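Got your viewer open? Here is a short walk through the model, one selection at a time.

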Amino acid sequence: METDTQARIAMPRIGDPAPDFTAKTTMGPRSLADYRGKWLILFSHPADFTPVCTTEFMGFAKASADFAALDCALLGLSIDSVHSHIAWVRTIKEKFGVAITFPIIDDLSMQIAHAYGMIHPGASDTAAVRATFIIDPEGIVRAMVYYPMSNGRSVAEFLRLLEALQTADANKIATPEGWQPGEDVIVPPPATVEAAEARAGEGYDYVDWFFSKRSLAA
């Protein structure tokens, strides 16, 4: 039987539709539907005016043009009010010289945080852990990454992962560990014995029937 705690930390799975929401943000109302047709990175932070979160928000802000170039919007969230978010954003601009150019959701009700499994009672009953969701243009969850409250995320990794997802979708391939744009990609392995026998002669960078790479260069 499912316990209370298990029910509270239910979360979407990769390949599921992202939970719908409509919320107040620092840039006016936002809903999941507003991002239909483009990629979205939705990320939570434990609280405003905390040092690790401040570094993360500055990191996302500094990379916002890179995300935009990949047709990806950014959307932050914490269980703080819009007024708290506004004060924090103003402080970041004043003290660090970094403008936060993406909206931050006011989730005082914790409805969105619960829907996305951002509240982990073992960490805190009232603060969201560092959860990050990559949602595709069809509203499907394509990746999710969780960090503890004590450690900041790598914004560069989310840029890399986003481009890897887009590359895999566009070319029907997979990407190896640590793949960077421009590097060779993995060809899907054959599905039949006959195709496996033929693989060595197909012009790929062949290692074995199940492992071949190719360049995406024209």
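Before selecting anything, one convention for helix pairs: an angle of 65 to 115 degrees between axes counts as roughly perpendicular. Keep in mind, too, that this is a predicted model.

**The whole chain**

Start zoomed out, with a cartoon of the protein chain. You should find 7 helices and 10 strands. Along the principal axes, the C-alpha atoms fill a box of roughly 65 × 50 × 30 Å. Of the 218 residues, 42% are buried. Among contacts with a separation of 6 or more, 68% are between residues 24 or more positions apart.

**Helices H2 and H4**

Now select residues 51-62, which is helix H2, and add helix H4, residues 82-96. How do the two axes cross? They come within 11 Å of each other, at roughly 80 degrees. H2 and H4 are therefore roughly perpendicular to each other. To see the contact itself, show side chains for Cys 53, Thr 54, Phe 57 and Met 58 on the H2 side, and for Trp 88, Ile 92 and Phe 96 on the H4 side.

Stay on H2 for a moment and try the distance tool. Its end C-alpha atoms are 17 Å apart, and that agrees with the 16 Å that its 12 residues should span at 1.5 Å a residue. Which residues of H2 are buried? Colour Cys 53, Thr 54, Glu 56, Phe 57, Met 58, Phe 60 and Ala 61.

**The aromatic cluster**

Next, switch on the aromatic rings. The model has 12 aromatic pairs. One of them is Phe 43 with Phe 60, a stacked pair with 4.1 Å centre to centre and 20 degrees between the planes. Phe 43 sits in strand E3 (residues 39-44) while Phe 60 belongs to H2, so this pair ties together parts that are 17 residues apart in sequence. Both Phe 43 and Phe 60 are buried.

Widen the selection to Phe 43, Phe 57, Phe 60, Phe 67, Trp 88, Phe 102 and Phe 158, and you have one aromatic cluster. Two names will be familiar from the previous stop: Phe 57 and Trp 88 are among the residues making the contact of H2 with H4.

**Arg 153**

From Phe 43, move over to Arg 153, which touches it. Arg 153 is in the loop between strand E7 (141-147) and H6. Is this arginine buried or exposed? With a relative accessible area of 9%, Arg 153 is buried. Follow its side chain: a polar atom there lies 2.7 Å from the backbone oxygen of Ser 44, and the side chain also makes a polar contact with that of Thr 132, at 3.0 Å. Other residues that Arg 153 touches include Glu 56, Tyr 147 and Phe 158.

**Thr 25**

Tyr 147 gives you a reference point for the next jump. Thr 25 is 122 residues away from Tyr 147 in sequence and 23 Å away in space, C-alpha to C-alpha. Thr 25 lies in strand E1 (residues 22-25) and is buried, at 6% relative accessible area. What does its side chain reach? One polar contact goes to the backbone nitrogen of Met 27 at 2.9 Å, and another to the backbone oxygen of Gly 28 at 2.6 Å. Further along the sequence, Thr 25 touches Arg 30, Val 82, Pro 103, Ile 104, Ile 105 and Asp 106.

**Arg 199**

Select Arg 199 next, in the loop between helix H7 (193-198) and strand E9 (205-208). Arg 199 counts as buried, at 8% relative accessibility. Its side chain makes a polar contact with the side chain of Glu 202, at 2.6 Å. Show the surroundings and you will meet Pro 188, Pro 189 and Pro 190, as well as Tyr 204, Tyr 206 and Trp 209, among its contacts.

**Two positive phi values**

The last stop is about the backbone. Most residues other than glycine have a negative phi. Asp 71, in the loop between helix H3 (64-69) and strand E4 (72-78), has a positive phi near 60 degrees. Asp 71 is partly exposed, at 38% relative accessibility. Then go to Lys 172, in the loop between helix H6 (155-171) and strand E8 (185-186). Phi of Lys 172 is positive as well, near 55 degrees, and this lysine is exposed, with a relative accessible area of 64%.

Key: Residues are numbered from 1 along each chain as its sequence is written. This is a predicted model: local features need pLDDT of at least 70, side-chain atom pairs count only at pLDDT 80 or more; totals for chains, interfaces and linings use all residues. Side-chain values use heavy atoms; hydrogens and water are left out. Rings of Phe, Tyr and Trp (its six-membered ring) pair if their centres lie within 6.5 Å; planes under 30 degrees apart count as stacked, over 60 as edge-to-face and the rest as tilted. Helices (H or I, at least four residues) and strands (E, at least two) are DSSP runs, numbered from the N terminus. Buried means under 20% relative accessible area, exposed over 50%, partly exposed in between (1.4 Å probe, protein chains only). The expected span of a helix is 1.5 Å times one less than its number of residues. A polar contact is a pair of N or O atoms within 3.5 Å; within protein, one must be able to donate a hydrogen and the other to accept it, and residues adjacent in sequence count only if both atoms are side-chain atoms. Contact means heavy atoms within 4.5 Å. Axes are lines fitted to C-alpha atoms, for helices over the stretch in contact, and angles run from 0 to 180 degrees between N-to-C directions. Angles under 35 degrees count as roughly parallel, over 145 as roughly antiparallel, 65 to 115 as roughly perpendicular and the rest as oblique. Lists of a residue's contacts leave out its neighbours within four places in sequence.
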